[in-house]
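Student: I am new to this structure and would like a close look at a single part of it, the salt bridges. Could you take me through them slowly, with each term explained as it comes up?

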Amino acid sequence: MEFSLWYLGLAAVFGLFMAWGIGANDVANAMATSVGSKALTIKQAILVAAVFEFAGAFLAGGQVTSTIRKGIIDATQVIDDPELLVFGMLAALLAAGVWLLVASRKGWPVSTTHSVVGAIVGFAAVGIGVESVYWSKVVTIAASWVISPLMSGVLAFLIFMSVQKLILGSKDPLANARKYVPFYIFAVGFILALVTMLKGLKHIGLDLSYGESVMVAAASGMITMTIGVLAIKRIKIIPNEDSDFRFANVEKIFGILMIFTACGMAFAHGSNDVANAVGPVAAVVSIVKNGAVVQESALSTWILLLGGIGIVIGLATYGWRVIQTVGRRITELTPSRGFAAELAAASTVVIASATGIPVSTTHTLVGAILGVGMARGIGALNLRVVRNIMLSWLVTLPAGGILAIVFFFLLKAIFYRGAAI
Amino acid sequence: MSGSYFSGIFGKSPVKPLQQHMEKVVSCVSELVPFTRAVLASDKEAYTLHQQNIVEMENEADILKKELRLRLPSSLFMPIDRRDVLEVLTMQDMVAGSARDVAGLIVGRDMRIPKSMRKSYRKLVKQSVNACKQAYVAICELDELIETGFGKVERKRVGRLLIKLDTIEQQTDEQQVALRNELFKLENELHPVNIMFLYKVIDTTGNIADRAQRVGSRLQLMLAR
């Protein structure tokens, strides 16, 4: 291919731009819940986000990346003319990136995932042909955008109900918090480790059987639990510290729990959303490297690294400010609620990541927050905003798609010299 | 600013403003104690001042009430019913209204409480203020109710507070009866118009506790849901 280096360069730049955008904006929603509830300071939140976003992207980001890369478009349609796919993927990245930039400037509730998927479907259907889209897969993905908030909502509802029953509504909430919170911490470590083991670790040379995975996951659950218990022991309980609100001490214990769910949330977000930036890059790289469309090629690890690094840069340059702003506004979410929402959302997203389905972390989290609200856990929720957020993907899909089509033809006009063969 | 839509899902909870309103109402009603003391001592300067304070605080409570009402759009999803919040608010406001009425009546007609009634009347005022304070204590539990997701233990706790409120209110009822009997005995000695208005003062003072109790019953309805 004539412009191979160009393509690689553009892919890297656009991919980095996109990853930067995810780190700058998207991460904020995932992390702000922890900052808002004062479980983490802003500095700690950035540290947690940087480490776990990166870990999630690198360790568990492969499945979704491969869906974005080759699960949506039937590449055999362009076997004669692989450059079309290169243009398309570049256009999709650019379209999603630009759309996100515009939307976040305006404060519109859009999702990275929806933008990228819309963009890919858009350029493929128009630029290559309607039959080149795996519509059944697209339908599955679209359905997951409804199911994932629902599922995390139900999960959050159940988790929070259990918290009410076992701890908050009990006769001695403080004693029961000490007793039961470690089990929730165990659950965080166990679920995240299990899902990662089962699906993600082949590319770093770790291939475990199902039984082994469960064992390792249980062990990592135990380790996190031990850390949690030690941290809880260190909490200073001030008797009647605040007679105006008798649950201040209990919330402190939940604050510890929330540090763990915040890590889980960052991990889950990294595992699912890095693909939005990295998937198209991977597609371009594989075509350029092989000179043709190769469906079976493995994902290069460095591409996941690129995505992880991009997210961390976005976080460091701009994202921390967004976290601060959003966090300051959501103080309603005390640790006992925030953890329930985060645990539910993180579990849902990680499961989606393992299955290779790109979902919106923000929407999943919104679903979880609603779930807690349904259990009478939150002072007030603005349903109009919730509805707007949930409906936003109806706008985002065509917007991403149309932009991608425009960029596709633009790139084609610049670089295209006719079919390769 | 990006991400702002996400924080937008958290509406403004009505709980804190509701408590602040009640706090204002309590300080308004509490002013009746020094007011009554001044009235019984026939210190006009002092009781006019206290009456002005009462009116002022009632106005402030009114402003808080209006602010809270504006804050409750129908798209807000809350663990407590919107209607219950508004009704509690109305009841709380009426408590302050009664306090203002009592002070207004007494100052407006420059009334004197007959000597034999003074001690009992002071008690009635004090107990009415207590009813109000007790209602505030119960309203203060709203945070904890929501924190526990209306857990059983917390609901029982609030239930106990409300029973105490009922007891206080009953005492004011008994005190009113006693005061009326006292007044009845004096009817031959006093000017008929004054008698009429004294009955009214007793009534209105009793209303404070009555309405405070109704704040409690509204709260009870919230628990039942």
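Tutor:

**Salt bridges in and between the chains**

B:D62, B:K65, B:K66 and B:D93 are linked in a network of salt bridges, a salt bridge being a side-chain nitrogen of Lys or Arg within 4 Å of a carboxyl oxygen of Asp or Glu. The model is a predicted one, in which local features need pLDDT of at least 70 and side-chain atom pairs count only at pLDDT 80 or more, while totals for chains, interfaces and linings use all residues. Side-chain values use heavy atoms, with hydrogens and water left out, residues are numbered from 1 along each chain as its sequence is written, and chains are lettered from A and ligands numbered from 1 in the order in which they are written.

Within that network, the side chains of B:K65 and B:D93 meet in a salt bridge with an N to O distance of 2.8 Å. This pair links distant parts of the chain, since B:K65 lies in helix α4 (residues 44–70) of chain B and B:D93 in helix α5 (residues 82–108) of chain B, 28 residues apart; helices here are DSSP runs of H or I with at least four residues, numbered from the N terminus. B:K65 counts as buried at 11% relative accessibility, and B:D93 counts as buried at 9%, where buried means under 20% relative accessible area, exposed over 50%, and partly exposed in between, with a 1.4 Å probe and protein chains only.

Helix α5 of chain B also holds B:E87, with which B:R218 forms a salt bridge, the closest N and O atoms being 3.0 Å apart. B:R218 lies in helix α9 (residues 192–224) of chain B, so the pair ties together parts that are 131 residues apart in sequence. Here B:R218 is partly exposed, with a relative accessible area of 21%, and B:E87 is likewise partly exposed, at 28%.

A further salt bridge is the one in which the side chains of A:R337 and B:E147 meet, at 3.6 Å from N to O. Because A:R337 lies in helix α11 (residues 335–355) of chain A and B:E147 in helix α7 (residues 142–147) of chain B, this pair joins two chains. A:R337 is buried, with a relative accessible area of 2%, and B:E147 is buried as well, at 4% relative accessibility.

Over all chains, the structure holds 14 salt bridges, and the pairs described here are among them.
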